[in-house]
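Subject: Structure handover

Hi,

Here is the structure I said I would pass on. Have a look at it first, and then read my notes below.

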Amino acid sequence: MGHFKINEKDLFFILKDQLNYGSLCTLPRYHELDEATLDMLVQEAVKFAMGVVEPLQGIGEAWGVVYEGGEVRCAPQYREAFKLYGETGWTAAARDPEYGGQGFPHMMRIVINDLMYGASQAFNMAPSLTHGAAHLIENFATPELRERFIPRMFGGEWAGTMALTESDAGSNLAAIRTTARREGDHFKIKGNKIFISWGDHDLAENIIHLVLARMEGAPEGIRGISLFIVPKFRVLPDGSVGDANDVVCSGVEKKLGLHASPTCALNFGDNDGCEGYLCGKENHGLAHMFQMMNAARINTGVSGMTLASTAYHNALAYARERVQGSEITRKTLDYIPILGHPDVRRMLLWMKAMVDGMRSMIYTGAFWSDLALEMADGQEKTRYQSLVEFMTPIIKAYCSDMGFRVCETAIQCLGGYGFSREYPLEQYLRDAKIMSLYEGTNGIQSMDLLGRKMRIQDGACFKAFMSTIESFCEQNMEHKTLHKEVRTLSETVARLGQAADEMARRSESDPHQWASYTYPALLCFGDVTVAWRLLDMAAIAKKIMDQKGENDYHRGKIMQATYFVGATLPITMARLETCLREEREIVEMPEGAF
């Protein structure tokens with residue numbers, strides 16, 4: 001049996017019982033679909049993940065990447081799987097049929113990635129990046145460029161990347177130095193990019209880079225950045241692949257994890273022969289790229305969550321089988337499975353609650369994104385747009401950090417075996433660490449959440465988030481089973497609102513002190529969101545049991561919620577108080593004293 005473990009019942013509980021995702025089929029874009037078709041897509045994605053993608057985890061880790069003569073080679077099985085991934089429609093499942101998509105709801109892309117990233121994080125980055133690059137072209141390029149590039153990217157013939165980072169322009173993209181000089185119907189691109197995931201490889205016959213560059217005469221800073229389509233090999237008028245386009249891989253990074261995913265340094269135009277095509281409006285490149293970046297931020301949270309999920313299920317399987325030690329009260333002289341030891345049960349219950357809560361958080365955000373994109377214009381659509389805007393940095397930062405912590409805890413459950421390569425947990429941990437760094441570090445996400453996201457649209461995003469959870473609490477305050485936990489959540493949400501308002505004031509009056517505590521504040525938002533999603537699932541589970549009778553599965557939904565609220569939200573409340581400290585050690589500590 002392979003490393004990847006998933007409980008399909010948990011996925012469908014969130015999708016069907018909690019979200020009623022079949023209701024999306026009432027939206028005009030999906031009127032030809034029904035819930036049974038969505039169910040079938042999920043089931044087929046599980047089969048593809050298990051049968052095709054899962055074996056690539058070990059293959060890729062053993063093979064790594066080979067860099068020779070400016071070219072990167074990957075395990076041969078990766079090339080076969082990448083082509084099949086596109087040919088069978090997984091890359092473009094949620095895209096419009098016009099360019100080869102299947103027209104499923106946008107949220108299904110998240111569900112698919114949950115399964116594919118869990119099966120092989122390193123591999124699935126390649127089709128996921130290809131999807132993101134093609135979708136940018138779909139939204140912003142001319143019809144001719146769309147027709148030239150998108151079908152082959154969606155179909156698995158060509159791959160795609162986003163090329164943003166430079167040696168002096170990481171998070172600060174205003175410092176980008178790559179240039180674009182107009183030459184007829186195209187531009188000559190010149191510059192160097194680093195840390196480009198899947199920047200070079202042999203999985204496809206061409207790689208289409210989406211490159212940020214500055215046109216001659218453009219304004220300084222972010223207002224002068226444009227977006228360009230830059231293929232590794234030139235594309236001839238008939239659509240065939242031509243000569244090399246002066247895009248050269250100058251090296252690959254040696255990394256802690258994701259050993260099968262080539263992270264490349266790319267040189268564009270060293271010989272003045274690199275041609276690119278403007279994608280979208282001049283000097284609007286960063287705004288266009290943020291579409292892909294925001295999607296990538298969500299997918300970073302998905303990666304953290306799904307690695308946590310398979311780590312938890314591996315730890316649970318081990319705990320059921322591993323016999324070690326006696327029962328603590330010596331009720332029996334026989335040694336017992338470690339699942340019977342209280343400290344192991346503590347770790348497993350925390351992981352179970354965190355994984356289920358994160359998955360519900362992410363799927364809920366994905367469900368909202370469909371409503372935000374596809375509903376008719378009006379107040380309700382605007383509200384969902386605000387919710388998605390606010391949730392994006394929480395999903396990215398909280399789920400990437402908590403995903404890493406779950407992987408760490410899973411290793412702890414296995415004891416010394418967890419530290420060995422005999423089990424997959426150490427690789428999960430190494431692969432998960434990058435998620436808190438990708439697409440803007442989690443500290444940057446926290447400043448975005450407690451800064452811009454609090455202010456935009458006169459606070460509409462923050463108000464939408466708060467009112468959604470407050471409404472849940474009001475409706476369930478007298479719940480016969482969960483009333484105590486709902487009241488605890490309500491009190492925590494109220495204090496969170498007060499703390500967030502105070503921090504918003506400090507962002508204007510004392511920005512250094514404010515920025516010192518935005519990250520712990522983001523964790524509080526994440527804790528509250530997970531608690532809300534778990535209590536919502538618990539209320540649904542209780543209703544099902546009232547109708548159909550008691551059972552362990554639904555009882556587990558209730559107990560994971562009450563445990564998380566009781567064990568975590570008191571810590572959340574304490575953390576909120578630290579965010580409001582007036583002492584200024586972080587700001588005033590002399591550099592020489594560190």
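A quick definition before anything else: a residue is called exposed when its relative accessible area is over 50%, buried when the value is under 20%, and partly exposed in between. Please also keep in mind that this is a predicted model.

**Two odd backbone angles**

With that cut-off in hand, take Asp458, which sits in helix H13. Its relative accessibility is 64%, so Asp458 counts as exposed. Asp458 also has a positive phi of about 55°, although it is not a glycine. Asn20 is another non-glycine residue with a positive phi, again about 55°. Asn20 belongs to the loop between helix H1 (8-18) and helix H2 (35-53), and at 39% relative accessible area it is partly exposed.

**A buried aspartate**

Now for Asp114, in helix H5 (residues 106-119). Is Asp114 buried or exposed? Its relative accessible area is 0%, so it is buried. Setting aside residues up to four places away in sequence, Asp114 touches Leu11, Val302, Met305, Thr306, Arg359 and Tyr363.

**The core**

One of those contacts, Tyr363, turns up again in the largest nonpolar core, as one of the residues with the most contacts inside it. That core has 204 residues, and the others on the list of most contacts are Met107, Ile229, Met289, Tyr398, Leu489 and Phe525. Which helix supplies the largest share of this core? That would be H16, with 18 residues.

Ile229 is worth a click if you want to see its surroundings. Leaving out neighbours within four places in sequence, Ile229 contacts Ile137, Ala141, Leu145 and Phe149, as well as Ile208, His209 and Leu210. Glu275, Gly276, Tyr277 and Cys279 are in contact with Ile229 too.

**Helix H12**

H12 covers residues 442-450, and its buried residues are Asn442, Gln445, Ser446, Asp448, Leu449 and Leu450. What covers them? The list includes H8, helix H10 (379-414), helix H13 (452-476), helix H14 (483-509), helix H15 (511-516) and helix H16 (518-548). So H13, the helix that holds Asp458, is also part of the cover over the buried residues of H12, because it has heavy atoms within 4.5 Å of them.

**Cysteines**

How many disulfides are there? The count comes to 0. Cys399 is in no disulfide, and the nearest cysteine sulfur, that of Cys407, is 13 Å away. A pair needs its sulfur atoms within 2.5 Å to count. Cys399 is buried, with a relative accessible area of 0%. Cys461 is in no disulfide either: the nearest cysteine sulfur is that of Cys399, 18 Å away. Cys461 is buried as well, and its relative accessible area is 0%.

**The second largest pocket**

Last item: the second largest pocket, with a volume of about 660 Å³. The elements that give two or more residues to its lining are helix H8 (285-321), helix H9 (342-374) and helix H17 (552-579). H17 gives the most, with 6 residues. The lining has 18 residues, and Tyr312, Leu316, Arg320, Lys352 and Gly556 lie nearest the centre of the pocket. By type, the lining divides into 8 nonpolar, 4 polar and 6 charged residues. H8 also appears in the cover over the buried residues of H12, if you want to go from one site to the other.

Cheers

Methods. Residues numbered from 1 in each chain as written. Predicted model: local features only at pLDDT ≥ 70, side-chain atom pairs only at ≥ 80, totals over all residues. Heavy atoms only, no water. 1 Å grid on protein atoms, 1.4 Å probe; cavity = no way out; pocket = protein on both sides within 12 Å on 5 of 7 lines; lining within 4 Å. Points joined across faces, edges and corners; volume = space filled by probe spheres on them. Helix = DSSP H or I, 4+ residues; strand = E, 2+ residues; numbered from the N terminus. Nonpolar A, V, L, I, M, F, W, Y, C, P; charged D, E, K, R; others polar. Buried < 20%, exposed > 50% of the residue type's maximum accessible area, 1.4 Å probe, protein only. Core = buried A, V, L, I, M, F, W, Y, C linked by side-chain atoms within 4.5 Å.
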